[in-house]
Amino acid sequence: YLCLLLFILSLLSKATAVGFPLALLLFDYLFYRKPEKGMLFEKIPFFILSFIFGITVIFTQAASTIRKDAFSLVDRLAIAAGGIIFYLSKAVLPVKLSCLYPYAQIEHTAFIFTAIILLALGVVISARYTRKIIFGSCFFLVVIFPVLQLVPAGFAQAADRYFYLSSFGIFYLVAEGCVWLYKKADAARIYLQLALTAGVIIFAVLSWYRCGVWRNSLTLWNDVLTNYPGEFVALNSRGVYLANEGDYNRACADFKQAVNLSAKLPYRRGCYLAYYLNLGNCYSSLNKDSDAEAMFKRAMELEPDNPDPYFHLARFYDIKLRDPDKALPLYQKAIALNAKCTEAYFGLGKIYAELGKKEEARAMFLRSIDSDPGFNRLYFRIASIFEDTADKEGMKLLYKKAQANKMNNFTEYYNSLKKEH
């Protein structure tokens with residue numbers, strides 16, 4: 001029962017755990033357990049849970065940012081086979097490490113499939129002499145299989161973290177090989193010990209050096225772009241960091257590259273919408289208002305059913321250009337597409353308050369609270385507007401909402417205001 005409980009916790013933590021029941025069968029194979037009813041029966045709960053969570057993962061990935069119809073079955077098999085070669089090569093020679101490995105152009109498929117077939121044949125032939133090679137190889141494959149992108153999802157073809165657990169199969173074989181060599185070749189023992197010691201020291205130093213890449217977001221994304229210069233996710237992420245630091249010119253350059261590069265790939269869906277929005281916001285910060293407006297409108301054309309472009313353009317008209325007439329219908333459109341668009345409700349409420357429409361303003365502000373009751377700062381932003389417009393009734397309603405939602409810091413603020421008045 002403890003094993004089953006831990007398995008459930010691992011499934012809730014990571015999708016790669018779905019391969020655990022098959023790994024249990026591999027351990028039975030390694031230790032020559034005879035297939036009996038009891039041996040199989042004990043694993044049924046694990047397989048049931050694995051199946052349920054596996055189906056859940058597949059449906060979750062259906063909301064991926066990559067169109068499934070962009071890859072043929074052969075392409076998907078090539079991606080999966082390439083992933084196996086990728087992880088094995090990183091185990092042997094960990095160079096060009098990155099926090100993000102983009103999808104590479106699918107090529108050399110014949111070479112990839114040939115390499116996989118030859119490796120598989122070698123593993124099968126090894127069964128004549130030992131079970132250890134099949135165990136280690138299959139353990140690696142079983143654990144890595146769920147993340148081999150047979151169902152392409154996300155922005156990355158691979159990730160170092162996917163290899164952590166599956167690598168036990170590979171390094172188990174390395175360890176067994178070292179033990180065999182140590183026992184068989186007395187003269188080689190000293191060289192083996194020196195090689196292992198040198199390996200530990202070298203990899204320890206490289207690991208310590210690698211940690212420096214994660215000093216901040218700028219160093220992290222610079223490292224990705226050093227290895228993969230055309231990676232638009234990294235360009236966008238670095239642009240966000242630079243924009244937050246106030247370096248809008250460099251941020252704009254990154255956002256432009258991200259937009260241009262991502263738009264050339266037909267299998268991206270929705271992921272580059274944020275790049276247009278980020279570029280539009282960056283243009284706005286640089287007072288390039290016509291360029292900003294064009295970017296937001298282009299985003300609306302790309303995703304007409306997405307509320308984000310409407311909200312961003314509405315906020316641009318509202319805050320930057322001070323044009324509530326243009327902003328108001330766009331806020332309404334964003335809400336029509338997403339009933340929980342909190343900031344759109346707030347924007348509408350602010351416009352109504354500025355127009356002296358207190359009742360409409362109250363309604364929008366309270367709906368913004370209902371859409372996100374735990375948004376602490378929102379209560380204070382709304383309270384500030386109610387104070388400016390001398391809307392005591394609105395303040396009372398806001399206080400009741402804060403009480404109902406247990407926003408104690410705001411209720412204390414409200415009570416302190418009452419004492420002052």
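These legends describe close-up views of a predicted model.

**View 1. The largest nonpolar core of the predicted model.** This core has 68 residues. Tyr-331, Ile-382, Leu-398 and Phe-410 touch the most other members. Phe-410 shows what such a position looks like in detail. Neighbours within four places in sequence aside, Phe-410 contacts Tyr-379, Phe-380, Ala-383, Leu-398, Tyr-399 and Ala-402. Leu-398 thus appears both in this contact list and among the residues with the most core partners. A second core is separate and has 16 residues, including Tyr-87, Phe-140, Ile-144 and Ala-159. In soluble globular proteins, nonpolar side chains tend to be buried together.

**View 2. An edge-to-face ring pair, Phe-140 and Phe-163.** The structure contains 23 aromatic pairs. In this one, the ring centres are 6.1 Å apart and the planes meet at 75°, an edge-to-face arrangement. Phe-140 belongs to helix α7 (residues 132–144) and Phe-163 to helix α8 (residues 160–184), so the pair ties together parts 23 residues apart in sequence. Phe-140 is buried because its relative accessible area is 4%, under the 20% limit. Phe-163 is also buried, at 12% relative accessibility. Ring pairs extend the picture to a cluster of Phe-86, Tyr-87, Tyr-101, Phe-140, Phe-163 and Tyr-228. Two of its members, Tyr-87 and Phe-140, are also listed in the 16-residue core.

**View 3. The salt bridge between Arg-238 and Asp-254.** The closest N and O atoms are 2.8 Å apart. Arg-238 sits in helix α11 (residues 232–244) and Asp-254 in helix α12, so the bridge ties together parts 16 residues apart in sequence. Helix α12 covers residues 248–263. Both partners are buried: Arg-238 has a relative accessible area of 16%, and Asp-254 has 4%. Beyond its sequence neighbours within four places, Asp-254 contacts Leu-235, Arg-238, Gly-239 and Leu-242. Arg-238 is therefore both a contact and a salt-bridge partner of Asp-254.

**View 4. Lys-43 and Asp-28 in a salt-bridge network.** The model has 16 salt bridges. Here the side chains of Lys-43 and Asp-28 meet at 2.7 Å, N to O. Lys-43 lies in the loop between α3 (37–41) and α4, whereas Asp-28 is in helix α2 (residues 20–30), so the pair ties together parts 15 residues apart in sequence. Lys-43 and Asp-28 are both buried. Shared partners join Asp-28, Arg-33, Glu-42 and Lys-43 into one network. Side chains of opposite charge can pair when their charged atoms come close.

**View 5. A salt bridge between helices α9 and α10.** Arg-210 and Asp-223 form the bridge, with 3.1 Å between the closest N and O atoms. Arg-210 is in helix α9 (residues 189–211) and Asp-223 in helix α10 (residues 217–227), so parts 13 residues apart in sequence are tied together. Asp-223 counts as buried, at 16% relative accessibility.

**View 6. A nonpolar patch on the surface.** The patch consists of Phe-41, Ile-44, Ile-48, Phe-51, Ile-52, Ile-55 and Phe-59. Together these residues have about 760 Å² of accessible area. Helix α4 (residues 44–61) supplies the largest share, 6 residues. Phe-59 is in helix α4. Phe-59 counts as exposed because its relative accessible area is 62%, over the 50% limit.

**View 7. Ile-8 and Val-18.** Ile-8 is in helix α1 (residues 2–13). Ile-8 is partly exposed, at 28% relative accessibility. Val-18 is 10 residues away in sequence, with a C-alpha to C-alpha distance of 9.8 Å from Ile-8.

Key
Residues numbered from 1 in each chain as written. Predicted model: local features only at pLDDT ≥ 70, side-chain atom pairs only at ≥ 80, totals over all residues. Heavy atoms only, no water. Core = buried A, V, L, I, M, F, W, Y, C linked by side-chain atoms within 4.5 Å. Buried < 20%, exposed > 50% of the residue type's maximum accessible area, 1.4 Å probe, protein only. Contact = heavy atoms within 4.5 Å. Helix = DSSP H or I, 4+ residues; strand = E, 2+ residues; numbered from the N terminus. Patch = residues over 30% accessible without salt bridge, like charges linked within 9 Å, V, L, I, M, F, W, Y side chains within 5 Å. Areas by Shrake-Rupley, 256 points an atom, 1.4 Å probe, with all protein chains shown as cover. Salt bridge = Lys/Arg side-chain N within 4 Å of Asp/Glu carboxyl O. Phe/Tyr/Trp six-rings, centres within 6.5 Å; stacked < 30°, edge-to-face > 60°.
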